Amino acid sequence: MPVFLPFAGCPTRCVFCAQDVQTGQRGGANNIAHALRQAEARLEHEARLLQEATTGGGSAPDSPPTPNAAHDASPSPLEIAFYGGTFTLLPEAERDACLELAHRWRQRGVVCRVRCSTRPDAVTARGLTALRTAGMDCVELGVQSFDDGALDAASRGYAGSVARDACAMVAGAGLELGVQLMPGMPGVTPEVFRADVHAALRPDADGAAPLAAFLRFYPCLVLRGTPLAERWRAGSYAPWPLDTTVDPLADGLLAAWARGVAVVRMGLSPEDGLDDAVLAGPVHPALGQLVKAEALRRHVAMYVARLPGPPVRPGVPRRLRGLLWGHANGLVDAYAAMGITRAMVHWRDDDSFTLE
Ligand code: SF4
């Protein structure tokens with residue numbers, strides 16, 4: 001259950017950022033009390049649903065009371081996510097109000113987890129430990145890049161070493177770590193992005209688990225009203241085209257898969273009004289599917305190349321049926337070039353691939 005706090009606590013307005021548009025919350029910055037009132041109403045509704053599920057009653061007669069409540073009346077406890085600003089730089093009273101709300105509903109069994117997002121230069125080991133003690137489970141860092149040149153080009157205001165240290169601090173405080181990267185941000189080339197993914201998957205020593213539990217890839221878009229839109233109009237910034245975006249994202253996804261780290265989001269969520277606000281950039285309604293299908297194709301190609309002869313009977317998990325051939329069957333020809341046709345594939349009921 002996202003609780004959007006657009007720009008709340010942010011020390012600066014980042015060049016690419018339009019949180020009011022990205023989150024669909026147009027109520028203005030720092031309107032935390034309003035966001036918490038909406039959250040409270042939604043949680044009351046969820047509590048009723050849970051109660052009815054427990055007592056075997058029907059569905060609640062009233063509609064979810066918040067405009068963001070696009071959910072299916074699931075009778076499970078929720079995870080609250082404080083997104084859209086710099087949570088760790090909120091004024092103390094407002095941060096405490098958020099934590100108190102989460103704690104109170106957790107005690108009632110309506111909330112099971114709490115997460116927030118923040119900037120890498122807005123955390124301290126002490127502050128994170130306090131956050132953990134106050135009930136926070138997960139911190140997502142809007143790292144965007146670990147590359148000093150890119151961070152400078154995007155006026156992020158911190159160095160790559162600060163971002164690396166912040167990752168270590170979050171994990172060191174016993175919090176789950178999520179790392180958000182922004183391929184195509186000013187200064188982030190496909191090569192820089194690939195290096196960023198590897199940095200986000202550190203440590204990479206043999207047998208060491210990555211600090212990050214999950215990643216998010218948000219390809220940089222030019223959004224109306226941002227400083228980046230001015231740069232784009234002036235010709236000093238160009239976003240990545242879609243095909244330039246799929247290729248490095250597929251590499252990044254494969255690298256994350258290889259380390260057992262999920263990439264839980266690729267592209268901004270399609271909040272109301274986002275389409276109207278995008279002036280330029282790699283937007284596609286099925287970007288995640290495009291990237292996953294391409295990553296899967298590369299994975300299969302790697303194993304096909306190891307076969308002594310052409311493949312005769314590839315087995316693919318049935319749950320990937322909608323993914324294998326790519327969005328709108330766009331990868332059928334690429335598989336044919338590997339010697340794999342539709343007629344040859346058999347769908348498996350387990351999670352294994354086989355290649356004979
Ligand atoms: S700190 Fe994050 S939320 Fe705040 S303006 Fe920058 S990118 Fe947006």
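**Exercise 1. A sheet of strands**

Work out in which order the strands of the open sheet lie, and which of them are the edge strands.

*Solution.* Start with the order: in this predicted model, 3 strands form an open sheet, arranged E11-E10-E12, with mixed pairing. Next, look for strands that pair on one side only: these are E11 (346-348) and E12 (354-355), the edge strands. Now zoom in on one pairing. Strand E10, residues 314-317, is joined to E12 by 2 bridges, and the two run antiparallel. To find this pairing in the viewer, pick Gly-315, which stands opposite Thr-354 in E12.

**Exercise 2. The span of a helix**

Compare the reach of helix H2 with the span expected at 1.5 Å a residue.

*Solution.* Begin by locating H2: it covers residues 32-55, 24 residues in total. From the first C-alpha of H2 to the last is 34 Å, close to the expected 34 Å. Then step just past the end of H2, where Gly-56 follows with a positive phi near 80°.

**Exercise 3. Two packed helices**

Decide how H9 and H11 are oriented to each other, and what kinds of residues make their contact.

*Solution.* First take the geometry: H9 (residues 242-258) and H11 (residues 287-304) pack at about 60°, and their axes lie 8 Å apart. Angles of 65 to 115 degrees would count as roughly perpendicular and those under 35 as roughly parallel, so H9 and H11 are oblique to each other. Their crossing is right-handed. Now turn to the contact residues, among them Leu-242, Val-246 and Trp-257 of H9, and Leu-287, Lys-292 and His-299 of H11. Sorted by kind, the contact of H9 with H11 has 12 nonpolar, 1 polar and 5 charged residues.

Terms used. Residues numbered from 1 in each chain as written. Predicted model: local features only at pLDDT ≥ 70, side-chain atom pairs only at ≥ 80, totals over all residues. Heavy atoms only, no water. Pairing = 2+ DSSP bridges. Helix = DSSP H or I, 4+ residues; strand = E, 2+ residues; numbered from the N terminus. Expected span 1.5 Å × (residues − 1). Axes fitted to C-alpha atoms, helices over the stretch in contact; angles between N-to-C directions. Parallel < 35°, antiparallel > 145°, perpendicular 65-115°, else oblique. Left-handed = near helix turned anticlockwise from the far one by under 90°. Contact = heavy atoms within 4.5 Å. Nonpolar A, V, L, I, M, F, W, Y, C, P; charged D, E, K, R; others polar.
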